[in-house]
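Trainee: Could you show me how to read salt bridges in a model?
Mentor: Gladly; let us open it and go through them together.

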Amino acid sequence: LALALALGGAPLGAAMVVPPGTPEMPDMCCPVTCDVGAATCACEEDVMPGGCRCCLETFDDAGSVVPPGAVKETFYYDLGELLNGEVRYTFPEDTLLDWPEGPGLIYKALGDLVDENYEPLALSELYNHHGVMLQDPAYWWASDGSINSPQAVAQAGAAFADGASVIGGSCSALSFNVAVGAESRNTAGMQQPPTNMGWVFPPNATYGGNFHVIDLRSVDDVGECIMCSCPYMTENNSGRGEGNPGYVNSNFPGGGAQCCPNESRCGVTEELEPKQYYYRYTLIYYPDGAFPEDWENVVYTVQSLQVNREGGPIQQGYYPCYVEYDTPACDVPDPALDAVVPQPTVCSVSGPPTSSYANLYTFEEDTLVYSMWAHLHLGGLHMSAYKGTEAGDPDALVCRMQALYGNGGDTPGDAEGFLVDITACYFDPPLEFAKGDNVTVVSEYAASAAGDELTDVMLFPAPYLGAMAYWEMFSTPAPGKNF
């Protein structure tokens, strides 16, 4: 389980929908709707095929997400006034965030996007492409900026042994310890038994934010806009002139954040007044001296399925660090995307068209895994984790993280056709992986350009550009081991 910001503020009881034909996964957690202001969450029963179980049993009778001994603090980051269609993209070094005085043990984090009255917003008004918070100093980085080199692993292992929480992963661009995407609005990322585990933040730590949001009011093509389609953004921003804020001039046929710089703008059907927005985040944590008696430190691992662990460390990252990719339409192929759709992508057209991408990971130490969850973009169906090397083996399936789509018009947390939630998997007792064990992770996206029963619940059909497929987990080394 990661320290993932759960974008909250949705009315409890929002109605989410599952794409038809979704395979059943027994013992899944029900989707969760959270209220950031009240710091409460509730399960959405009976929305998953085959049923689901509520994973909030450890909370007190009122359903509060603040366990005994913990405190709650809420902060606001000023995103400024945005024009309709405007992109806000911030960099951590310029986006310093208010943070509690450490040390502390974060049990849970919630976050949402709010207006000038601090009211939560639907994704159909202000789209949350992504938001991450990074800690400086970062114990898991080597001096050359790498995260998976021998130096970085040794340095992080020593920090973990001293009681610091660290990142386990293969790309320094993914070395954030607080992360959120559009679908996280209803996903309570640190909401799981046991309550004595969490992320340790040190004293005097500095946190910076990388926020990417888009004002969708009166946008002429919401799909092209939120995918940051490079041809679309070039058409709307190349006239700004090179070197000016928001300038985009790219011949890349796909999409991604590289074509959505700060102050760039999607096309609009009419000009509206600028609107003030804030990023609101709530931290629920045990302060120094109030940690649970039997508390445990955690390792947060986040992997982009497109990252190759054998790339080798380089300055400022682990190469290659593919954090976004383009998924195809398998029923109506577009030759223009052939060069940007990853080669390992597999199209299936035996039923409603889908595309999948898989990667194999090997545990490098005996490990206990307490939870898994996923980050996908609109178009995503689910992410599945299999123990071993055989993807698709039902007997090896340990977790299926299911995408849910909004069915509530412009309701915050249930915006029609948007990806609003992804279920997570929690393991009590934890899953045990031995050194050398493999896990195969598969991401699946809808892949019909013509439209079908899968894409009918989505805002627009395939292809899906600038998409993401992140697999995340919270774990600890097995007793007597270090990672």
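Mentor: We will look at charged pairs and how they sit in the fold. This is a predicted model, where local features need pLDDT of at least 70, side-chain atom pairs count only at pLDDT 80 or more, and totals for chains, interfaces and linings use all residues. Residues are numbered from 1 along each chain as its sequence is written, and side-chain values use heavy atoms, with hydrogens and water left out.

Trainee: What is the general idea, and how many salt bridges are there?
Mentor: Side chains of opposite charge can pair when their charged atoms come close. With a salt bridge taken as a side-chain nitrogen of Lys or Arg within 4 Å of a carboxyl oxygen of Asp or Glu, the count is five. One of them joins R280 and D112, at 2.7 Å from N to O. R280 belongs to strand β13 (residues 275-287) and D112 to strand β7 (residues 104-115), 168 residues apart; strands are DSSP runs of E, at least two residues, numbered from the N terminus.

Trainee: Are R280 and D112 buried or exposed?
Mentor: Both are buried, where buried means under 20% relative accessible area and exposed over 50%, with partly exposed in between (1.4 Å probe, protein chains only).

Trainee: Which residue pairs with E125?
Mentor: K275 does, with the closest N and O atoms 2.6 Å apart. E125 lies in the loop between β7 and β8 (126-136) and K275 in strand β13, so this pair ties together parts 150 residues apart in sequence. E125 is buried, at 19% relative accessible area.

Trainee: And what about E271?
Mentor: E271 bridges to R265, again with closest N and O atoms 2.6 Å apart. Here E271 counts as exposed because its relative accessibility is 55%, while R265, at 16%, counts as buried.

Technical notes. Helices (H or I, at least four residues) and strands (E, at least two) are DSSP runs, numbered from the N terminus.
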